[in-house]
Amino acid sequence: MSATTEGKTEMDVDATPSSTDVSKSSDPISFQDIVGNILYISRGIELNQPRLLHRAIRQNVSIRKHTNKDHLVKLAHKYFPVDHVSVGSFLAYAQKLPEVATAEEKQGDADVDSSAMDVSTADEVQVAFLPVTSMLPEVEVYVFTLLLTTLLRHNLNEDAAAVGTLLIERIRTFNRRSLDVFTSKAYFYYSLAFERLGRLDSVRPTLLALYRTSCVRRDEMGQAVLLNLLLRNYLHYNLIEQAHTLSMRASFPESASNNQFCRYLYYMGRVQAIQLNYPEAYQRLNMAARKAPPGTAAGFSRDVHKLIVLVQLLMGDVPERGLFNQPELRQALQPYYALTLAVRNGDVMLFNKVMEEHHAAFVADKTQTLVSRLGHNVLKTGLRKISVSYSRVSLADIAEKLHLPSAAAAEYICAKAIHDGVIEAKIDHENGCLSSHEVLDLYSTEEPQRAFHKRIAFCLDVHNEAVKSMRYPSDEDYKKELSKKKGDESKDKDTEKTIEELIKEMEDDYDE
């Protein structure tokens, strides 16, 4: 969402390594690693074992970061049938990738004399692999996704968008539940390719159609990913009403992954904050920050905490100082720390100065709208300090202290603050002054009750989320464990009976 936090915007696509890094380090993966991962997919489909498919997805995290042109060309010749409709397009886009010397090639150069290397690499690949007659749709989607992520990693965004479009067209021809785990990844990278090109609005109809198809097919994984992509699409163009309408009519699936749920909470927190629903936004953003995976997603964590700081200030609270002292957040939250000081002190001049100095950062973070709303909070804080310090003060002096244009403007702001309950005072219109009432005992109001209610609700939410996240044994394992316990109890009873019988026999012998 933010131009300054490319780590979060790009999310799962890694930057291209420099040429010096490639030359110094050996190839982290080999072609056999990719083949082994595809074997997991084939075995998972053959044995109907979803855990093997999820294992392939987990191992793909390291594979997609180091896949190169040579790997993709070999995959095409090994797994695509010669008459496949997509093999030509796949090879054409794979050939556009830059050449990268792998560890296997370096080893081959050391072992084989250069004079014997008079056969082209493509001919070697074609000779090495036997032709195949069919291809699993899961393998096809997985291999195409590898090509798409590799193009994105090398910043070939136009080609990545074309491959993504081709991949989505192929996905629409299939209807297999075993494909859900792979198509959800394809949807994400398809949207990311067009976002990099600045044409994110052009894929919105396609994403909506795919979301409808996922709902009809009960594809909950695809629903979660597509719903987040649509919310991101709307927020990218500041279409807040459309995003709110979508969230009201489309429910987020409960079985979605934790990462997708974190993104959904962040997008909804942003929508709620812009729509002035600050308590709900604060709750969702806090949950997103708490559920974010530790040690990773640094850009996501920075953006979430920026919004948390702004929402807290808009609610009239002051964020804790420890939040700004965290090493991973200190630099990113520096403009927002200056904002917090200005709002806390009620200093209008300092607030205007911070707005001018960090205007570019606020625009890049797309928080300028929320930051501009803090001007009213600065005035309220300053007015509250004046009300506590003086029992009676003229409106002209208030206008001078708060740097307002006139006493009439000060009178309007004081009336608004009294109506909102910010200060306990009364305006004397005839004499042009503000008379403050005695400060009430806070514990005689309902404020402590509201604070306790807020804490109790938070603890109950944490408890409910923990219960939902617990893993329970399957029915078969539970029945086996239950039968085992019953068998142990029956054995104990038999042992007790045997001991009792022995004691009775000993007593009979003693009586005799």
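Start by selecting Phe80, Phe90 and Phe144, which ring pairs link into a cluster. Rings of Phe, Tyr and Trp (its six-membered ring) pair here if their centres lie within 6.5 Å; planes under 30 degrees apart count as stacked, over 60 as edge-to-face and the rest as tilted. Before moving on, note that this is a predicted model, in which local features need pLDDT of at least 70 and side-chain atom pairs count only at pLDDT 80 or more, while totals for chains, interfaces and linings use all residues. Residues are numbered from 1 along each chain as its sequence is written, and side-chain values use heavy atoms, with hydrogens and water left out.

**More rings**

The structure holds twelve aromatic pairs. Pick Phe188 and Tyr189: their ring centres are 5.2 Å apart and the planes sit at 75°, so this pair is edge-to-face. Phe188 and Tyr189 are both buried (buried means under 20% relative accessible area, exposed over 50%, partly exposed in between, with a 1.4 Å probe and protein chains only).

Next, go to Tyr266 and Tyr267. Here the centres are 5.6 Å apart and the planes are at 55°, so the pair is tilted. Tyr266 counts as buried at 2% relative accessibility, and Tyr267 is buried too, at 3%.

Now add some charge. Select Lys74 and Phe31: the charged end of Lys74 sits over the ring of Phe31, 5.6 Å from its centre. For that label, NZ of Lys or CZ of Arg must be within 6 Å of the ring centre and within 35 degrees of the ring normal. Lys78 does this with Tyr79, its charged end sitting over the ring at 5.6 Å from the centre.

**The strands**

Switch to cartoon and find strand 2 (residues 425-428). Helices (H or I, at least four residues) and strands (E, at least two) are DSSP runs, numbered from the N terminus. Show the side chains of strand 2: Ala425 and Ile427 point to one face and are buried, whereas Lys426 and Asp428 point to the other and are not. In a regular strand the side chains alternate between the two faces of the sheet.

Who pairs with strand 2? Strand 3 (residues 433-436) does, in the antiparallel sense and over four bridges; two strands pair if DSSP finds at least two bridges between them. Check the partners: Lys426 bridges to Ser435 in strand 3, and Asp428 stands opposite Cys433. Four residues lie between the strands of this hairpin, and Gly432 takes a positive phi near 65°.

Then add strand 1 (residues 392-394), which runs antiparallel to strand 3 and is joined to it by three bridges. Val393 has Leu434 of strand 3 as its bridge partner.

**Two loops with positive phi**

Most residues other than glycine have a negative phi, and most peptide bonds are trans. Zoom in on Asn48, which has a positive phi of about 55° although it is not a glycine. You'll find Asn48 in the loop between helix 3 (31-47) and helix 4 (50-63), where it is exposed at 63% relative accessible area.

Asn155 is the next stop, with a positive phi near 60°. Its place is in the loop between helix 9 (137-153) and helix 10 (157-171), and it is exposed, with a relative accessible area of 53%.

**Salt bridges**

How many salt bridges are there? The count comes to eleven, taking a side-chain nitrogen of Lys or Arg within 4 Å of a carboxyl oxygen of Asp or Glu. Select Asp159 and Lys96, which meet at 3.2 Å, N to O. This pair links distant parts of the chain, with Asp159 in helix 10 and Lys96 in the loop between helix 6 (87-94) and helix 7 (103-111), 63 residues apart. Is Asp159 buried or exposed? Buried, at 17% relative accessible area, while Lys96 counts as partly exposed at 46%.

Now show Glu138 and Arg176, a salt bridge at 2.9 Å, N to O. Glu138 lies in helix 9 and Arg176 in the loop between helix 10 and helix 11 (180-197), so the pair ties together parts that are 38 residues apart in sequence. Glu138 is buried at 0% relative accessibility; Arg176 is partly exposed at 31%.

Asp180 and Arg177 form another salt bridge, the closest N and O atoms being 3.1 Å apart. Finish with Asp303, Lys306 and Asp365, joined into one network by salt bridges that share partners.
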